[in-house]
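Colleague: Could you take a close look at one part of this model for me and describe how it sits among its neighbours?

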Amino acid sequence: MELTYIQKMAIVKVLLDIIGVDGKIDARETHFFEEVKVKLGLSAEDHFEVMKLNTLNCLSIIKEMTNEQKLYYKELMHGIILADGVIEENEQLAYDNICEFCHIN
């Protein structure tokens, strides 16, 4: 999957926001997140830069990605939401809203 650096950063930022949406950060979510960063080739320094990004700007970047890229992102969202074995209502709401805003089927 080809992604630009800014697309990778946007993906990671919104995934990070999804992790925190239920108010709990589980070790399994953290582990999955770290695996995603490795898959995307992002460094520890990139992680600190992600913290500075604006979520709405990142959602706009995701919205402009190709359908193939969006499907890849959708798989990552599934993985992060299911990582702790529980789908919280806030996670489901965030997922639905992200899919609607970004036009992800």
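Which helices do the buried residues of α4 pack against?

Modeller: Bearing in mind that this is a predicted model, the buried residues of α4 pack against α1 (5–20), α5 and α6. Helix α4 itself covers residues 55–63, and its buried residues are C58, L59 and I62. These three span an arc of only 100 degrees around the axis, which places them on the same side of α4. At the start of the helix, a side-chain oxygen of N54 comes to within 2.8 Å of the backbone nitrogen of L56.

Turning to the partner α6, its axis and that of α4 lie 8 Å apart and meet at an angle of about 55 degrees; the two helices are therefore oblique to each other, since that angle belongs to none of the parallel, antiparallel or perpendicular ranges. On the α4 side the contact is made by L59, S60, I62 and K63, and on the α6 side by I98, F101 and C102, a set that by class comprises five nonpolar, one polar and one charged residues.

Helix α6 (residues 89–102) also packs with α5 (residues 67–82), their axes coming within 11 Å and crossing at roughly 175 degrees, which makes α5 roughly antiparallel to α6. Here α5 contributes K70, Y73, K74, M77, H78 and I81, while α6 contributes E91, Y95, I98, C99 and C102; by class, this contact has seven nonpolar, one polar and three charged residues. I98 and C102 of α6 thus take part in the contact with α4 as well as in the contact with α5.

Notes:
Residues are numbered from 1 along each chain as its sequence is written. This is a predicted model: local features need pLDDT of at least 70, side-chain atom pairs count only at pLDDT 80 or more; totals for chains, interfaces and linings use all residues. Side-chain values use heavy atoms; hydrogens and water are left out. Axes are lines fitted to C-alpha atoms, for helices over the stretch in contact, and angles run from 0 to 180 degrees between N-to-C directions. Helices (H or I, at least four residues) and strands (E, at least two) are DSSP runs, numbered from the N terminus. Angles under 35 degrees count as roughly parallel, over 145 as roughly antiparallel, 65 to 115 as roughly perpendicular and the rest as oblique. Contact means heavy atoms within 4.5 Å. Ala, Val, Leu, Ile, Met, Phe, Trp, Tyr, Cys and Pro count as nonpolar, Asp, Glu, Lys and Arg as charged, and the others, Gly among them, as polar. Buried means under 20% relative accessible area, exposed over 50%, partly exposed in between (1.4 Å probe, protein chains only). The arc is that of the directions from the helix axis to the C-beta atoms. A polar contact is a pair of N or O atoms within 3.5 Å; within protein, one must be able to donate a hydrogen and the other to accept it, and residues adjacent in sequence count only if both atoms are side-chain atoms.
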